[in-house]
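Me: Please take me through this structure, one question at a time. Keep the answers short.

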Amino acid sequence: MILGNIFMQRGFSPKEVNDWFIDSFVDGTPWVMPANVIGMSLFADGGQMSTKPYAAGGAYVNKMSNLCKGCKFDPKVRLGENACPVTAGYWDFIGNNLERFSKNHRMFQSVSGYKRLSDTDAIHEQERTRAGL
Ligand code: SF4
């Protein structure tokens with residue numbers, strides 16, 4: 001979920017991500033990966049496997065795991081030096097797909113949350129220029 005979330009947020013090629021999972025993991029069985037990766041993880045199958053993307057920000061990662069303990073980023077921060085790339089990436093992803101997600105009632109909360117943010121331009125700019133991505 002963590003890897004798929006980041007790949008989806010950043011717009012990686014579904015085929016390349018699918019192939020990478022097959023090559024990288026012992027349980028990356030080729031016949032099952034398209035459903036898991038392209039469908040469930042990347043939401044790139046036109047909504048056949050899932051009715052909404054499994055997208056999340058750093059707050060969710062922090063709630064569901066201990067990965068954020070000791071991380072140099074803050075999962076609650078979306079702008080600046082300490083901005084969590086998963087949190088900022090989440091809002092960048094929502095904003096980049098706003099028209100599409102506005103038509104999906106299951107994305108209502110995310111779309112509404114995005115529209116309430118006052119710093120979306122800065123988030124998009126930051127994520128466009130984030131080093132290494
Ligand atoms: S704070 Fe660090 S570990 Fe937690 S989601 Fe953000 S980048 Fe990942």
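The questions and answers below cover the domains, the core, one helix and the ligand shell.

Me: How far apart do the C-alpha centres of domain 1 and domain 2 lie?
Reply: This is a predicted model. The domain assignment gives domain 1 as 2-41 and domain 2 as 58-129. Their C-alpha centres lie apart by 21 Å.

Me: How do the residues of the side of domain 1 that touches domain 2 divide by class?
Reply: Six residues of domain 1 are in contact with six residues of domain 2. On the domain 1 side, the split is three nonpolar, two polar and one charged.

Me: Where does the largest nonpolar core lie relative to domain 1 and domain 2?
Reply: The largest nonpolar core has 25 residues. Met8, Val37, Leu42, Tyr90, Trp91 and Ile94 touch the most other members. Domain 1 (2-41) and domain 2 (58-129) both give residues to this core, so its place is between them.

Me: Which element gives the most to this core?
Reply: The elements giving two or more residues to the largest nonpolar core are α1, α2, α3, α5 and α7 (108-116). The top contribution is six residues. It comes from α5.

Me: Which residues does Trp91 touch, not counting residues up to four places away in sequence?
Reply: Trp91 is among the core residues that touch the most other members. Leave out residues up to four places away in sequence. Trp91 then touches Arg78, Tyr114, Leu117, Thr120 and Ile123.

Me: Why do the buried residues of α2 line one face of the helix?
Reply: Helix α2 spans residues 14-24, and its buried residues are Val17, Asn18 and Phe21. Look down the axis of α2: these buried residues line one face because they fall within an arc of 100 degrees.

Me: Which residues are exposed on the other side of α2?
Reply: The buried residues of α2 have cover that includes α1 (2-9) and α3 (33-41). Across the helix, on the other side, the exposed residues are Lys15, Glu16 and Asp23.

Me: Which helix gives the most to the shell around the ligand?
Reply: Both α4 (58-64) and α5 (85-96) supply at least two residues of this shell. The highest contribution is three residues. That helix is α4.

Me: How many charged residues does the shell around the ligand have?
Reply: The residues around the ligand include Cys68, Cys71, Phe73 and Cys84. Val61, Asn62 and Leu67 are also among them. By class, nine of the shell residues are nonpolar and two are polar. The number of charged residues is none.

Technical notes:
Residues are numbered from 1 along each chain as its sequence is written. This is a predicted model: local features need pLDDT of at least 70, side-chain atom pairs count only at pLDDT 80 or more; totals for chains, interfaces and linings use all residues. A residue is near a molecule or strand if its C-beta atom, placed from the backbone, lies within 6 Å of it. Helices (H or I, at least four residues) and strands (E, at least two) are DSSP runs, numbered from the N terminus. Ala, Val, Leu, Ile, Met, Phe, Trp, Tyr, Cys and Pro count as nonpolar, Asp, Glu, Lys and Arg as charged, and the others, Gly among them, as polar. A residue is buried if 20 or more other C-beta atoms lie within 10 Å of its own, exposed if 12 or fewer, and partly exposed in between; C-beta atoms are placed from the backbone. The arc is that of the directions from the helix axis to the C-beta atoms. Two residues are in contact if their C-beta atoms, placed from the backbone, lie within 7 Å. Domain bounds come from an automatic or database domain assignment. A nonpolar core is a set of buried Ala, Val, Leu, Ile, Met, Phe, Trp, Tyr and Cys residues joined through C-beta atoms within 7 Å.
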